[in-house]
Amino acid sequence: MDNIYRYIKFIFLFLLPLWMTNTISAQEKKAGDEALGTLKYSDFEKPEYCGTSCHIDFYQQWKQAMMSQAYTHHWDEIEYFKLAVPHAEKDQKVAGVKAGCNGCHSPIAFLAGDVPPPKPEANSRANESVSCDLCHTITGFKGDTPYNFNYISEPGNVKYGNREGVVSPAHETKYSEFHKTAEFCGTCHNEKSPYDVWVKSTHLEFKEGPYAKAGYVCQDCHMTYAPAKNAEMAEELPDVAQHLFHGAHDPGKVRGVVEIRIHPDIREVEPGDKVRFTVALFNQKTAHKFPSGSAEERLLWLHVEAKDASGKIYHIPVDKKGFKGEEYTIAGNNLAYQDFGIPLNIPDFKGIERDGIPEGDRIFRLPYFDPQGRMTIMQWNTASLGTDYRIGPLETKIETYTWTIPPDAAAGEMEIKAVMYYQKLPLPVAKYLGVPVEEADPVEVNFHTTNINILP
């Protein structure tokens with residue numbers, strides 16, 4: 001009995017405090033807003049250190065991906081310094097975005113408490129954006145749902161990755177199951193506004209869709225696997241994750257996302273006759289909705305036009321369906337973005353043109369509204385959402401175009417063309433805020449043509 005009592009005493013006096021210390025330590029790990037200023041820039045290796053001798057290919061892939069430009073990209077810089085920071089300084093409700101934007105756009109600046117960081121022209125370490133060492137020293141996330149940069153950052157000599165048994169001469173390596181999950185991506189690709197509205201939900205959209213149910217993860221499409229080396233001195237492996245991170249800013253990724261087919265209800269018509277064209281749009285490529293991410297500023301639209309035998313071109317507007325909020329899904333000359341007036345110090349700002357694309361074209365979007373119910377692209381100022389008319393994974397949308405053949409249409413074959421375009425930013429916004437106009441250049445996603453015959 002004495003031995004039993006001594007054993008129990010040992011447990012309580014020595015092992016229990018150790019267990020409690022480890023438990024408390026896990027609970028005290030900082031993530032999200034609470035991690036602001038808890039680390040130093042010097043805690044993280046510079047990307048050049050990783051990329052100049054060991055991980056050359058990964059480094060070069062990263063350098064031309066948005067991960068390396070999340071802080072320095074021209075639109076992100078303008079949005080942050082021209083809109084977010086001054087707005088945060090005027091409105092306590094959104095004050096947290098002054099620091100919080102950088103939780104994902106320049107995580108080491110956020111963790112170092114550098115708020116706001118120097119502008120990109122200063123070439124500070126904030127310019128490293130989402131760096132190698134940041135991702136490879138994340139150990140998990142805090143809470144039930146990954147969002148608003150609630151990753152747990154534990155920088156040091158141990159680097160975490162998706163492969164077991166890796167040995168490096170430069171640092172310790174440790175296998176991380178977390179790095180193989182969609183939740184790893186969700187810590188930044190899900191976001192709630194200060195008004196508790198989901199303004200980015202790419203991971204959540206993915207989790208609700210067919211690809212997640214089939215066992216895919218984000219990395220399968222955005223970090224594709226190929227025979228390669230993990231490091232210059234390593235042996236080639238059959239399935240090395242490429243650090244491409246290609247997505248919404250990559251025209252090659254965007255092209256072909258949606259398949260398009262158009263057909264008429266009648267093939268031979270005379271001027272004055274009505275013909276109805278039906279367009280089927282199938283999202284055969286994205287595992288989340290399209291567009292996703294910063295959906296408040298993305299434009300995806302369908303343009304239909306006819307060209308008669310003489311070469312004259314006619315624009316055909318979409319048929320209305322009559323659903324609630326449809327007015328935001330049909331291009332017009334409406335004014336929007338009146339809340340720009342807050343950060344720009346313009347009282348009673350009337351707004352600017354909302355879309356900047358041909359009137360009557362169908363837009364596949366999710367409108368964001370500010371506290372006054374006005375359409376906004378300042379996601380941190382989003383108090384409510386409109387009707388979600390984006391195209392889901394493996395979803396087919398049907399649009400119709402009922403058109404009266406003009407009296408001046410030339411006899412002969414008339415070609416009808418349906419083209420889908422994608423823009424990262426509405427052109428009126430780019431022009432007004434001084435964003436390089438290439439940010440608003442349309443990318444042709446896909447097209448299809450059909451023909452009818454105009455009788456003399």
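Arg365 is buried, with 3% relative accessible area. This residue of the predicted model sits in the loop that runs between strand E16 (362-363) and strand E17 (368-369). Its side chain makes a polar contact of 2.9 Å with the side chain of Asp355. The Arg365 side chain also reaches the backbone oxygen of Tyr328, at 2.7 Å. Beyond its neighbours within four places in sequence, Arg365 is in contact with Leu299, Tyr328, Arg354, Asp355, Met375, Thr387, Asp388, Tyr389 and Arg390. Two of these names, Asp355 and Tyr328, are thus the polar partners just described.

A second basic residue, Lys397, is placed in strand E19, which spans residues 396-404. Lys397 counts as buried, because its relative accessibility of 10% falls under the 20% limit. The side chain of Lys397 makes a polar contact with the side chain of Glu395, at 3.2 Å. Leaving aside neighbours within four places in sequence, Lys397 is in contact with Val279, Ala280, Leu281, Phe364, Tyr389, Arg390 and Ile391. Tyr389 and Arg390 appear in the contacts of Arg365 and in those of Lys397.

The protein chain has 456 residues, of which 47% count as buried. Its secondary structure comprises 14 helices and 21 strands. The C-alpha atoms fill a box of roughly 110 × 55 × 50 Å along the principal axes. Among contacts with a separation of 6 or more, 69% join residues 24 or more positions apart. The accessible surface of the chain is about 21700 Å². Carbon and sulfur atoms contribute 53% of that surface. The chain carries 47 positive and 62 negative charges, and the mean positions of the two sets lie 3 Å apart.

The structure holds one disulfide. The bond is formed by Cys104 and Cys188, with 2.1 Å between their sulfur atoms. It links distant parts of the chain. Cys104 belongs to helix H6 (residues 102-105) and Cys188 to helix H9 (residues 182-189), 84 residues apart. The torsion about the S-S bond of Cys104 and Cys188 is about -100°, so the disulfide is left-handed. Cys104 is buried, with a relative accessible area of 18%. Cys188 counts as partly exposed, at 23% relative accessibility. The 20% limit therefore falls between the values of Cys104 and Cys188.

Other cysteines were examined for bonding. For Cys54, the closest cysteine sulfur is in Cys50, at 8.6 Å, too far for a bond. A disulfide needs sulfur atoms within 2.5 Å, so Cys54 is left without this link to Cys50. Cys54 counts as buried, at 15% relative accessibility. Cys132 is in no disulfide either; its nearest cysteine sulfur, that of Cys50, is 4.3 Å away. Cys132 is buried as well, with a relative accessible area of 19%.

Backbone geometry was considered next. A cis peptide bond joins Val115 and Pro116, with omega about -20°. Pro116 is found in the loop between helix H7 (107-111) and helix H8 (132-135). The peptide bond from Phe290 to Pro291 is also cis, and its omega is near 0°. Pro291 lies in the loop between strand E11 (274-283) and strand E12 (299-307).

Positive phi values occur in residues other than glycine. Phi of Asn123 is near 55°. Asn123 is found in the loop between H7 and H8, the loop that also holds Pro116. Asn123 counts as exposed, at 61% relative accessibility. Leu394 has a positive phi of about 60°. The place of Leu394 is the loop between strand E18 (384-385) and strand E19 (396-404). Leu394 counts as partly exposed because its relative accessibility, 44%, lies between the 20% and 50% limits.

Key:
Residues numbered from 1 in each chain as written. Predicted model: local features only at pLDDT ≥ 70, side-chain atom pairs only at ≥ 80, totals over all residues. Heavy atoms only, no water. Helix = DSSP H or I, 4+ residues; strand = E, 2+ residues; numbered from the N terminus. Buried < 20%, exposed > 50% of the residue type's maximum accessible area, 1.4 Å probe, protein only. Polar contact = N/O pair within 3.5 Å; in protein donor to acceptor, adjacent residues only side chain to side chain. Contact = heavy atoms within 4.5 Å. Areas by Shrake-Rupley, 256 points an atom, 1.4 Å probe, with all protein chains shown as cover. Lys, Arg positive; Asp, Glu negative; His and termini not counted. Charge placed at Lys NZ, Arg CZ, Asp CG, Glu CD.
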